[in-house]
Amino acid sequence: MHNGDSTKIKASILREVYEDNLRIADPHLQPIHNRYRQGIKKLSRPVPLLFVFFACLLFYFIANTGQQQGPGAVDAVTIQPVFPWAEIIYKQQRLQSPASTVSFDAGRLLNYDLLLNHNNIRLSAIFGLGVQTIVIDPGHGGKDPGAIGSNGTKEKDIVLDIALQLRDRLQKTGRYKVLLTRDTDTFISLADRVKFANEHHADLFVSLHINALPQKEFNVTETYYFGPPSDLHTLRLAEQENRGSEIMTGDFKDMIKKIGNVLKEQESETLASTIQHNLFSNMEKYDRVIADNGIKIAPFVVLLGVNAPSVLVEISCISKREEETNLNNPEYRQRIMASLQKGITGYLSQRQTQVVKGENNGKKIHRKNT
Amino acid sequence: MAKKSTAKTPENKLLVGIDLGTSRSAISADNGKKKWVASYVGWPRDFIARKVVGKPMLFGEEAVKHRLSLDMYRPLKNGVIKEGTARDEEAVKELIHHLITLVQNAKDAEKIRAVVGVPAESFKVNKVALKKAVAEFAESLFVVSEPFAVAYGVGALDNALVIDIGAGTVDFCIMHGTVPAEEDQRTVLTAGDYIDQQLFTFLEERYPEADFNLNMIRRFKEQHSFVGESKENVEVEIPVEGKSTVHNITDEIKRACESILPAIVESTLELIAKFDPEYQDAIRENIILAGGGSQIKGLADYLETTIGEYGPTKVKVVEDPLFGGADGALELAREMPEDYWTEL
């Protein structure tokens, strides 16, 4: 690098650092002229077509909702810093008309109700909540063996083995921090499991269980997320899994209030369905008559208390003799683990395509007092 | 390289560069002082603990030593301050304050002008909180992403890729003559701490009778880490039933260190491939390894060979991984024009 070049580059970099830091103090500041150039440079780079397509689609959607907006929803929202795609579009606008203001009045563009109630739009995608910490919760443990097969195989051992493998596999990708509520054969109350997940700021919570049915010839795979029970069978199962939760009724009532959490429910549902889909396609290869009970809603304490999107997987039924034999086979367990991993990463990548990661985890949506 | 210090620092001002790391934090000041501490902050748990440790707050190794009496915080674990954790924010603040007092000359000390390098992910997510945290102790300051500070320090401003291998994260950052934008940066979570975990598991499997803890594991890693082939065996002393016994851990060290390689190679290739094709070769020939992980023996050679399959590759290691970030930040502070230092 020539000395002159280097000095020039340094001067421009120092200026950018200065302007960047000014913007930290005041995010409404206009981007500097350098940014325009950078913007042009970046736009000339090959941008994946899919990305642009989604960006336009979302922008079109938000712009359209603005027309239906009544008075008194959201006053004014600065959208620009939240979505990188918005920044690109915004940069284009700025390039065309440098005199326009930075933060445009999004009160006209965003209808809060619509945002919350529209099924096609996922909140996590809007606010760019990326996943970092996955908590896997192998059910039961220690004095609580969980379901027991007729040959004495215990639910607690099977789910622990699968969970340990799942942790290692997910961790190898380098993308997530994966924690287990227990990595040994110890008893942990449901309340402590919930506490663990919340204390470690779990972004995703997956509880692993194995079912046992009175009808020993049946084998079923199902995945739950929190909600009022959909049928008697589910209620019975919830009672079974909630036993020993050590959570008081008062706390439970408080927790119930959380059901209104739209984001969590939406995400939990999607997570449940990707896991269920992958798990079932795997189980079907081994047991042709295994039933796909799909995703269900149930009031499991662990699912309610954890702040993050959470699901409970009932992998299969140990009460069926053949299934018990299968579960004792390490290779079989590894397949189950792989299908769970596929489900989780499938969900995450699905989210990745929708998540256009926002700065500050979406904090930069400002309400203006107008 | 441009000549140092374009602007003369006014009297009674102290310029500092701070590298706020997940595992270690370092400070370099223009009075020549350099210090580092482990990024731990601990508050005594109760009044008895307060009496035992004799201080209202402990930092670094001292905090680790007294950890049983303390509420311990490693505020930037995983590279970010978790949202809503007031204590973590406070810990960051105290850590910065502590670093500054380490290099200040006297009590009535100079006014501080600081450039603070923080993990890339944290820069993205927490820059407002971080700026607030430093604001109390500095007259004026800038927050930048850590790999950028390293790049600035070694003068790799154009067509370069900095890979900063820390404890909690590996940060990647492409430099192309401007302050790197979000898409020029990448963070993966399999870093130094992950190697420790892996090594712990491998040793537990191979020597179930040996008695060791995570601190010892970290020490083994720092002394012996390598990837690829090693001519010598790595032998360490680990107690077995109270008796110090020599164990061969060559394979385990190698496996643990190599466990972070796939993610590093993948991210490097991905970042370069996304960049303007005309400049990809130039970047591949200017890869810079920084952070504690850059000290893994054989790492630069391994990356040169593996990434070399995609075209000529050169990988350099920064001279001083402990102070690379802080020195880079100080360099930025020195060269920052006087009128950019606005009072907070």
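**Entry 1: chain B overall**

Among contacts in chain B between residues at least 6 apart in sequence, what percentage join residues at least 24 apart? I looked that up to start with, and the figure is 70%. This is a predicted model, so I checked the scores next: ipTM is 0.81 and pTM is 0.55. Chain B has a mean pLDDT of 87, with 92% of its residues at 70 or more. I then went through chain B by element, and confidence bottoms out in helix α4 (residues 120-135) of chain B at a mean of 73. Helix α8 (residues 250-258) of chain B has the highest value, 95. I also noted residues 1-7 of chain B, where the pLDDT is below 50. That stretch still has 13 contacts in the model beyond near neighbours in sequence. For bookkeeping, I wrote down 12 helices and 15 strands in chain B. Its length is 344 residues, and 50% of them count as buried.

**Entry 2: helix α5 of chain B**

Is α5(B) enclosed or open? I went through its residues, and eight of the eight are buried, so α5(B) is largely enclosed by the rest of the structure. My list of the buried ones reads Glu146(B), Pro147(B), Phe148(B), Ala149(B), Val150(B), Ala151(B), Tyr152(B) and Gly153(B). Just after the helix I found Gly155(B), which has a positive phi near 75 degrees.

Next I looked at a packing partner. Helix α5 (residues 146-153) of chain B packs against helix α12 (residues 324-335) of chain B at about 70 degrees, and the axes are 7 Å apart. That angle makes α5(B) roughly perpendicular to α12(B). On the α5(B) side, the contact uses Glu146(B), Ala149(B), Val150(B), Tyr152(B) and Gly153(B). From α12(B) I noted Gly324(B), Gly325(B), Asp327(B), Gly328(B), Ala329(B), Glu331(B) and Leu332(B). Sorted by class, the contact of α5(B) with α12(B) has five nonpolar, four polar and three charged residues.

**Entry 3: a hairpin and a helix residue in chain B**

I traced strand β12 (residues 235-240) of chain B and strand β13 (residues 243-248) of chain B, which run antiparallel and are joined by six bridges. Glu235(B) has Asn248(B) as its bridge partner in β13(B). The hairpin has two residues between the strands, and Glu241(B) takes a positive phi near 45 degrees.

Is Thr305(B) buried or exposed? I found it in helix α11 (residues 299-308) of chain B. Thr305(B) has 12 other C-beta atoms within 10 Å, so it is exposed. I also checked its C-alpha separation from Val315(B), 10 residues apart along the chain, and got 9.8 Å.

**Entry 4: the sheet in chain A**

In what order do the six strands of the open sheet in chain A lie? I read it as β2-β1-β3-β6-β4-β5, with mixed pairing. The edge strands are β2 (177-180) and β5 (291-298) of chain A, each pairing on one side only. From one strand to the next, the twist averages 20 degrees.

I picked one pair for a closer look: strand β3 (residues 204-211) of chain A and strand β6 (residues 310-317) of chain A pair in the parallel sense over six bridges. For His209(A), the bridge partner in β6(A) is Glu314(A). Helix α7 (residues 155-172) of chain A packs on the sheet, where it touches β1 (133-138), β2 and β3 of chain A. I noted its direction too, at about 145 degrees to that of β3(A).

Technical notes
Residues numbered from 1 in each chain as written. Chains lettered and ligands numbered in written order. Predicted model: local features only at pLDDT ≥ 70, side-chain atom pairs only at ≥ 80, totals over all residues. Axes fitted to C-alpha atoms, helices over the stretch in contact; angles between N-to-C directions. Helix = DSSP H or I, 4+ residues; strand = E, 2+ residues; numbered from the N terminus. Parallel < 35°, antiparallel > 145°, perpendicular 65-115°, else oblique. Contact = placed C-beta atoms within 7 Å. Nonpolar A, V, L, I, M, F, W, Y, C, P; charged D, E, K, R; others polar. Buried ≥ 20, exposed ≤ 12 C-beta atoms within 10 Å, placed from the backbone. Pairing = 2+ DSSP bridges. pLDDT = per-residue confidence, 0-100.
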